[in-house]
Amino acid sequence: MSEQSRRPRRPAKPYRRPQKDPVRILAFEALHAVDERDAYANLVLPPLLRKARDKGDFDARDAALATELVYGTLRRQGTYDAVIAACVDRPLREVDPPVLDVLGLGAHQLLGTRIPTHAAVSATVELARVVLGDGRAKFVNAVLRKIAQDDLTGWTEKVAPPYDEDPEDHLAVVHSHPRWVVSALWDSLGGGRAGIEELLAADNERPEVTLVARPGRATTDELLREEAAVPGRWSPYAVRLAEGGEPGAVEAVREGRAGVQDEGSQLVALALANAPLDGPDEKWLDGCAGPGGKAALLGALAAERGAVLLASEKQPHRAGLVAKALAGNPGPYQVIAADGTRPPWRPGTFDRVLVDVPCTGLGALRRRPEARWRRRPEDLDTFAPLQRALLRTALDSVRVGGVVGYATCSPHLAETRAVVADVLKQHPHTDLIDARPLLPGLPALGEGPDIQLWPHLHGTDAMYLALIRRTA
């Protein structure tokens, strides 16, 4: 008998069933839906959380952790991908997307949260065993142990090119934005390193939940009685909920008397409503009304003055959302499904017109972080003809002496000033109104006459507004 055959065999390790972690499984499911189905996290995550709460799997702390894991991973995806790429022996495009989703979750726990290293690694590997299998869990384990060897600052110093050699690529990696978005935002800001760094950092912060008290239906005093509620910064109708505040728990929101609306959107509606008019003030139009937040505020403001709002939205299902938002408005209004570029109303019908046009959404990257990875520069060419057509129609729809508000949730110059300048060349009988005095108290509004809001300066989405009076 050989020496080897006399050695006792090691007993096989008993199979251990993977431990299911409801929080991380839910976070993976949300990320996988965003990745595989091009879904939006703000639409996917809430029903998953409700289902988990209904089953009794989740409490408030679990929901908060799952939300942080999903949004934190998406916001920092560009940085984490660069780190992961430095820790694997193949191009990232050769790593299966579900594996990358798990690795992203692990990287965020290691580099973007206070979860202890051993807990972040073990919990993520356990998740990998559940959703990927034992084989790929070993790969996840090996990669995460490499990532755990340094912190976020150390990793960005390794994987980002020096600022002096390539400023845009440095900022893109450090602040997790596509390079073309960094370049576009920098142009819109007008240069300078401090401003772009502050803006990109603000895009990666969790936005506050902001409510709007719809005039004639709710008051800020009522909303401020809610737990963790504080006044808005700029809008007289805004109330902010501190971290963890749940809008669905607010009675006025459930009843439709108040809504969830970023303060920048509120300011756009207020500026249009407060713009000086020559002549009557009886008929208002929201020409791109879906999903209804601005329409609901405009409708309430119009009702206070005895004016009527027409809310028009091309997509029937979005028109339904507008009707829901306006239901119970204290004054008369109408909601229709119509193409704003081929309107059913007569030219010169309205005193005030708002067109919040479809755009790339680069101004709301805090709320939809996945949008930064989906948008491409060529998307600007897709939106440009529609944006110009909608503004031309709006100018045709307003009477002489009336005012048009052109708004967009993007600070990209190709979607803001370039559109306004091009259209006004074809409509010489117009004047740009200085919108800045209509929003008293707001700092850093630039040289005017238009307004560009910024997350890092105003705590709002990066809304743009130009106010135009038709003169003939």
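**Figure 1. Secondary structure of the predicted model.** The protein comprises 21 helices and twelve strands. This is a predicted model. Along the principal axes, its C-alpha atoms fill a box of roughly 110 × 50 × 40 Å.

**Figure 2. Burial and contacts in the protein.** The protein has 472 residues, and 53% of them are buried. Among contacts with a separation of 6 or more, 73% join residues 24 or more positions apart.

**Figure 3. Surface and charge of the protein.** About 21,900 Å² of the protein is exposed. Carbon and sulfur atoms supply 50% of that area. The protein carries 60 positive and 63 negative charges. The mean positions of the two sets lie 6 Å apart.

**Figure 4. Close-up of helix 7, residues 117-131**. The helix has 15 residues. From first C-alpha to last, helix 7 reaches 21 Å. That is close to the 21 Å expected at 1.5 Å a residue.

**Figure 5. Buried residues of helix 7 and their packing partners.** A120 and V121 are buried, and so is the run A123, T124, V125, E126, L127, A128 and R129. The list includes the charged residues E126 and R129. Three helices receive the buried residues of helix 7: helix 2 (22-37), helix 6 (97-112) and helix 8 (134-147).

**Figure 6. The backbone just after helix 7.** G133 follows the helix and takes a positive phi. The angle is about 105°. Helix 8, one of the packing partners of helix 7, spans residues 134-147.

Technical notes:
Residues are numbered from 1 along each chain as its sequence is written. This is a predicted model: local features need pLDDT of at least 70, side-chain atom pairs count only at pLDDT 80 or more; totals for chains, interfaces and linings use all residues. Side-chain values use heavy atoms; hydrogens and water are left out. Helices (H or I, at least four residues) and strands (E, at least two) are DSSP runs, numbered from the N terminus. Buried means under 20% relative accessible area, exposed over 50%, partly exposed in between (1.4 Å probe, protein chains only). Contact means heavy atoms within 4.5 Å. Accessible areas come from the Shrake-Rupley method with a 1.4 Å probe; for residues, only the protein chains shown count as cover. The place of a charge is taken as NZ of Lys, CZ of Arg, CG of Asp or CD of Glu. The expected span of a helix is 1.5 Å times one less than its number of residues.
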